[in-house]
Amino acid sequence: MGKAGPNSVPEGGISVLSSRRRAAARVFSVALLAAAASLPGQAEEGRTLVDASTNNFPPVNMLDAEGRLVGFGPDLAKAVAAAIGRQIIHLHSPYGTEVLGWIQSGSADFIHNIARAPERDSLLDFTDPVLRMDEVVFVAANRDDIAGLDDLRGRGIACVAEHVGHLFLREQAGLNCFVVRRPVDAILALLAGDADAFVFPREIGFALARNLGLRDRIKVVGEPVRRLTWHMAVRKGNTELLALLNRGIVEVRESGEYDRIQERWFGEHVFEDLSRREVWLSLSSAVLLALILAAAILAWFALRARDRLAASVRELTAAERRLKESERYFRSLIENASDVIAVADAQGVIRYASPAVERMLGYTPAELEGRSAFDLIHAEDIEGVATILARLADAPGRTAKAEFGFRHAAGTWRRLEAVGQSIGNGSDGVRVVVNARDITERRQAQDLLRLQGAAMQAAVNAIIITDSEGRIEWVNRAFTRMSGYPVEEAMGQTPRMLNSGRQPRDFYEALWRTIRAGEVWRGELTNRRKNGTTYVVDTTITPLVDEAGRVTHFVAIQDDVTTRKAAEADIEFLAHHDMLTGLANRVRVFDDLQRAIARARRDKSALAVHYLDLDRFKDVNDAYGHEIGDFLIKDVAKRLKAHLRETDTVGRLGGDEFAVVQTGLADPRGASVLAGKVLDVLARPFVIGGHDIHVGASIGVTVFPMDGTDPNALMRNADLAMYRAKNEGRRTYRFFARTMEEEVKRRVRLAEELRAAVAAGEFELHYQPQVDLCDRSVVGAEALIRWRRPGIGLVGPADFIPVAEEVGLILPIGEWALRRACAQAKAWAEVGHRALKVAVNVSPVQFERSDLVELVGRALSETGADPAMIELEITETVLLHETEETVNTLAGLRRLGVSLTLDDFGTGYSSLTNLRRFPVSTIKIDRAFVSGLDPGSDNLAIVRAIISLAQTLKLRLVAEGVENMGEEGLLRAEGCPQAQGYLYGRPVPAEDFAAFLGAPPRR
């Protein structure tokens, strides 16, 4: 894009005459007209006409070397004036605004050459056209990148000040115009590369280039921008003169004089150097005006009386005196004004600053005058101020307002508000008068108010401001979001529109008494939204009082605590209720039991505590998964709740344990009735997930006050009674007896002794033979642990293994048994019994809690036992819940080479599925099916089916608990290959087991 030329000013930046020069020009024109009106020889047809025109559009209007106006326009004006019988006087100025001013003030009669434009139609009436030319785009002859006006978007276009083409181009979107004073300056800027193009009438542009010797340096591109017509013009409404001028134009054209004038000024000949004429402009015009004034004054004195001249002088003197007084008055106003008055040129250079600048900004006027204001304006505001300054310079008389940051002499920033007005365009350039005031504090206060307002709008809490009567005057967005009422619906209403009816009338009466007394009210309100739903708000209402102490407004701040209240209610519920079933939890049960004991003491009545534990619930979880187990727990809770009284407390203590607090017992036997009812209710099958699940319960019962007088004692003793019910066959209930406490103590002592036994190594393994039923040869041995308890003797596993599993001692005991069995298998192999199978029982606790694969591998490695001789016996409960860990453990054991035996086959769940899914090599028929086996019994059918299954799956089969020849015979007849039981021998120590083995087989 082209740059502004050396003689250019910013767009619209037209210099204006100083006030003194304008005043002088008006005095000169009045005097000149008066003199011309009285000159001898005036034509009879009418008075002398005053022609006004610009003088800087050669060859239409220009000044010659002597400062006279010459060109196509003046010659045409003379010819038209002669045709209508008038004499003519020329007034001229380089500035079109001044020419228009002469017409408006009546100082001139007509303009001999002016282009028509919409903004001029309201001021002037125009004759028929006197000149037509195409306005075209000029570019340098060597520019091939511009083909027309469309290529100038975003580029620099030189425009001549006040030429109508400038007005047209300024309105075109995307065109960047900068203004030069003369057409010659535009051509020079074009050739210097300061401008990309110059838009001007074709004939005038080429004529100027020829006279400068630059005709071959420029060219026209594209289609004409538009067709321009020039006219003569008179003041609006002067129709008589307009008609005369039109008549004269017709006569000049018909006489041929028009063509001669046009040829004279647009032909192929050279003009005088235009730049030299411009140099002479100010001097020659001043001299000429002085001469004309002198001539006018002489004529005045010659034709007018001395007294009239004296009166005029007095009038002028008085006017000058008034002018000086006015000047002193306005200077005093400026110098004493609190606002800063400054004058700047079009480039923003400060030419004058009033004394207030020192009070406001810390600079003396002398420090600012001659300095660019843009050096002190904040960087963020420079572009905006520059744009406004350019707009002011483009249209003298225009006013504009700006706000910007200005650096104080102390280095701080102040915020100024300024109003600027362009005062004209003269030889000394654009002048903009600026009135500025410091609004820093006001802006800070406004910013604070805006910030406070924005903060209130953005607040999470709803904010409501009402008048003293409670009518809503302002709400924030949170109120709308919270209540559902838009702002326009809330305005003018009262908070009663939110009334939910949850608070009584006296509640609101107390609230109003508080706030009308000027006191702050705090509390919770339940409001109703527009959609009818309710919500809870934590509310603070603050009265606002005036200086007299009168309440003028109320400010309510509301925090929606609906979610929090619901969460608190949930927390409160969860603190006292079981999450899965919704029943009372352990805490709530104990609280209710404590209150029930207090009532029973007061009423001298009894109450019972029922402690329930579901039978074999773990097997259900293992068989069907925990999800089914959870559904079962919930269904049990529903049944209990449905079949008990409202006055009784039903709670879940955890896992599969429940408690019932039965109040109002007149007779303890009523507890038996309830316990039996509960057993019946839970005995019915539960249908869950397509499964019929049978589960019973064991119940322990305690009665207040016989079995305990506080919740802990009653609940503990009921728990003991429940364990007694489990041990005595399940699906029954037992009342607490003091002997049960002794049983508990015995189990505690047993656990302590077991810990000592593990440390002292008091355990030993006995082995029971497994025989081949064909010849009763020993094919295996089951290792059975015994505890040689000091002072008591040998104790079987049934007496201590359950306690060991409860307290976790089964892990070290089981590891010892495994190592000992592996070592014994190694010893028997060394004496030739390599085909013997040694079976070791693995507790479910071992399977779940220890790294069984690593344990077995370490035992085999450390003892050197052959893995093929070792069988690990596991129960079906280990396999019921197929997990990745279970599968990985079984696979790891098989990789070690040991065999897996499924013990107690037929007593668990999903036995056939387990045989198919897991790497089991042996199954053992449980003694429950073998004991008392006789022809025609159901047990024989079961045994027959198990034998058939083992044969089909090619599994080793061992029948347990064979105690007589009849049982052996039936098993042999059905095809059972191996057996174990007292018929073949009781478990004995390893050294005694040799009697069963006999001589080792020959190699």
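This report walks through the predicted model shown above, from its overall make-up to one sheet, a surface patch and several salt bridges.

## The protein as a whole

Let's start with the broad view. The protein has 1003 residues, and 47% of them count as buried. Its secondary structure comprises 35 helices and 38 strands.

Among contacts with a separation of 6 or more, 64% are made by residues 24 or more positions apart. The exposed surface comes to about 49000 Å², with carbon and sulfur atoms supplying 53% of that area.

## A five-stranded sheet and its helices

One part worth a visit is an open sheet of five strands, ordered S18-S17-S21-S20-S19 with antiparallel pairing. Strand S18 (472–475) and strand S19 (521–528) sit at the edges, each pairing on one side only. On average, neighbouring strands here are turned by 30° against each other, direction ignored.

Inside the sheet, strand S17 (residues 462–467) runs antiparallel to strand S21 (residues 551–560), and six bridges join the two. If you would like a residue pair to look for, isoleucine 465 has valine 555 in S21 as its bridge partner. Helix H18 (residues 505–516) packs on this sheet, touching S19, strand S20 (534–545) and S21, and its direction makes about 135° with that of S19. Helix H19 (residues 562–576) also packs on the sheet and touches S19, S20 and S21; the direction of H19 makes about 130° with that of S20.

## A nonpolar patch on the surface

Phe573, Leu574 and Met579 together make a nonpolar surface patch of about 330 Å². Methionine 579 belongs to the loop between H19 and helix H20 (586–603). This methionine counts as exposed because its relative accessibility is 70%, and the cut-off for exposed is over 50%.

## Salt bridges, one by one

The model contains 54 salt bridges. In one of them, the side chains of arginine 143 and aspartate 196 meet at 3.2 Å, N to O. Here distant parts of the chain are linked, 53 residues apart: arginine 143 is in the loop between strand S7 (124–140) and strand S8 (156–160), while aspartate 196 is in the loop between H6 and strand S10 (197–201). Aspartate 196 is buried, its relative accessible area being 6%.

Another salt bridge brings together the side chains of arginine 414 and aspartate 438, at 3.0 Å from N to O. This pair, 24 residues apart, connects strand S15 (residues 413–426), which holds arginine 414, with strand S16 (residues 429–438), which holds aspartate 438. Arginine 414 is buried at 19% relative accessible area, whereas aspartate 438 is partly exposed at 26%. The two fall into separate classes because buried means under 20%.

Glutamate 728 and arginine 734 also meet through their side chains, with an N to O distance of 2.7 Å. Glutamate 728 is partly exposed at 40% relative accessibility, and arginine 734 is partly exposed at 27%. Elsewhere, Glu815, Arg819, Glu854, Arg858 and Glu862 are joined into one network by salt bridges that share partners.

## A stop at arginine 181

Finally, have a look at arginine 181, in the loop between strand S9 (176–180) and helix H6 (183–192). With a relative accessible area of 38%, arginine 181 is partly exposed. Its C-alpha atom is separated by 8.2 Å from that of asparagine 56, although the two residues are 125 residues apart along the chain.

Notes. Residues are numbered from 1 along each chain as its sequence is written. This is a predicted model: local features need pLDDT of at least 70, side-chain atom pairs count only at pLDDT 80 or more; totals for chains, interfaces and linings use all residues. Side-chain values use heavy atoms; hydrogens and water are left out. Two strands pair if DSSP finds at least two bridges between them. Helices (H or I, at least four residues) and strands (E, at least two) are DSSP runs, numbered from the N terminus. Axes are lines fitted to C-alpha atoms, for helices over the stretch in contact, and angles run from 0 to 180 degrees between N-to-C directions. Contact means heavy atoms within 4.5 Å. Patches are made of residues with over 30% relative accessible area and no salt bridge: like charges are joined within 9 Å, nonpolar side chains (Val, Leu, Ile, Met, Phe, Trp, Tyr) within 5 Å. Accessible areas come from the Shrake-Rupley method with a 1.4 Å probe; for residues, only the protein chains shown count as cover. A salt bridge is a side-chain nitrogen of Lys or Arg within 4 Å of a carboxyl oxygen of Asp or Glu. Buried means under 20% relative accessible area, exposed over 50%, partly exposed in between (1.4 Å probe, protein chains only).
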